[in-house]
Amino acid sequence: LVNHGQNAMMAAIDDIEGLASLALGTLKNKDLQERLKNRGFITAQENSFDSQLPLWQEYFKNLISS
């Protein structure tokens, strides 16, 4: 779901300096902010409950009919 630099920014869980650097870099880069916001919203829509429901229905239909 997460694509670094496209719809989110990622740092290693224990990399405090890396996280701070990514946050500061994002604050300074308006193009990056727009890309993260726009693509992040698309990712959220594509993976919402409503968009996933048909996939789950198909999965359980196939599971039950097997």
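How are Glu34 and Lys37 separated in helix H2? The two residues stand three places apart in that helix, which means that about one helical turn lies between them. Their side chains meet in a salt bridge, with a nitrogen-to-oxygen distance of 3.1 Å. The explanation that follows concerns a predicted model, and it begins with the helix to which this pair belongs.

Helix H2 comprises residues 30-46. Its length can be checked by a short calculation. At 1.5 Å a residue, the 17 residues of H2 should span 24 Å, and the C-alpha atoms at its ends are indeed 24 Å apart, so the expected and computed values agree. At the start of H2, a side-chain oxygen of Asn29 comes to within 3.1 Å of the backbone nitrogen of Asp31.

The two sides of H2 may now be considered in turn. Leu32, Leu36 and Thr43 are the buried residues of this helix. When H2 is viewed down its axis, these buried residues fall within an arc of 40°, and they therefore line one face of the helix. The face turned away from the buried side carries exposed residues, namely Lys30, Asp31 and Phe41. Glu34, one partner of the salt bridge described above, has a relative accessible area of 40% and is partly exposed. A general property of helices helps in reading such patterns: an α-helix has 3.6 residues a turn, so residues three or four places apart point the same way.

Against what do the buried residues of H2 pack? They pack against helix H1, which consists of residues 16-28. The same check of length can be applied to this helix. The 13 residues of H1, at 1.5 Å a residue, should span 18 Å, and the end C-alpha atoms are 18 Å apart, which agrees. The buried residues of H1 are Gly18, Leu22 and Thr26. These residues cover an arc of only 70° around the axis, so they are on the same side of H1. On the other side of H1, the residues Ile16, Glu17, Leu27 and Lys28 are exposed. What covers the buried residues of H1 includes H2.

One residue from each of these helices deserves individual attention. Thr26 is located in helix H1. Its relative accessibility is 16%, and because buried means under 20%, Thr26 counts as buried. A polar atom of the Thr26 side chain lies 2.8 Å from the backbone oxygen of Leu22. If residues up to four places away in sequence are not counted, Thr26 touches Met9, Leu32, Gln33 and Leu36. Among these contacts, Leu32 and Leu36 are buried residues of H2.

Thr43 is the corresponding example from helix H2. With a relative accessible area of 18%, Thr43 is buried. Leaving aside residues up to four places away in sequence, Thr43 touches Leu1 and Asn7.

Helix H3 comprises residues 49-65. How many salt bridges does the structure contain? The count comes to two. Besides the pair in H2, the side chains of Lys61 and Glu58 meet in a salt bridge, at 3.4 Å from nitrogen to oxygen. Lys61 and Glu58 are three residues apart in helix H3, so about one helical turn separates them. Glu58 counts as partly exposed, at 38% relative accessibility.

The last topic is the aromatic rings. A pair of aromatic rings is described by the distance of the centres and the angle of the planes. A search of the whole structure finds three aromatic pairs. In one of them, the rings of Trp56 and Phe60 have their centres 6.0 Å apart and their planes at 25°, so this pair is stacked. Trp56 and Phe60 are four residues apart in helix H3, and about one helical turn therefore separates them. Tyr59 and Phe60 form another aromatic pair, which is edge-to-face, with 5.0 Å from centre to centre and 75° between the planes. At 40% relative accessibility, Phe60 counts as partly exposed, and Tyr59, at 44%, also counts as partly exposed. Ring pairs link Trp56, Tyr59 and Phe60 into a cluster.

Key: Residues numbered from 1 in each chain as written. Predicted model: local features only at pLDDT ≥ 70, side-chain atom pairs only at ≥ 80, totals over all residues. Heavy atoms only, no water. Expected span 1.5 Å × (residues − 1). Buried < 20%, exposed > 50% of the residue type's maximum accessible area, 1.4 Å probe, protein only. Arc of directions from axis to C-beta. Contact = heavy atoms within 4.5 Å. Polar contact = N/O pair within 3.5 Å; in protein donor to acceptor, adjacent residues only side chain to side chain. Salt bridge = Lys/Arg side-chain N within 4 Å of Asp/Glu carboxyl O. Phe/Tyr/Trp six-rings, centres within 6.5 Å; stacked < 30°, edge-to-face > 60°.
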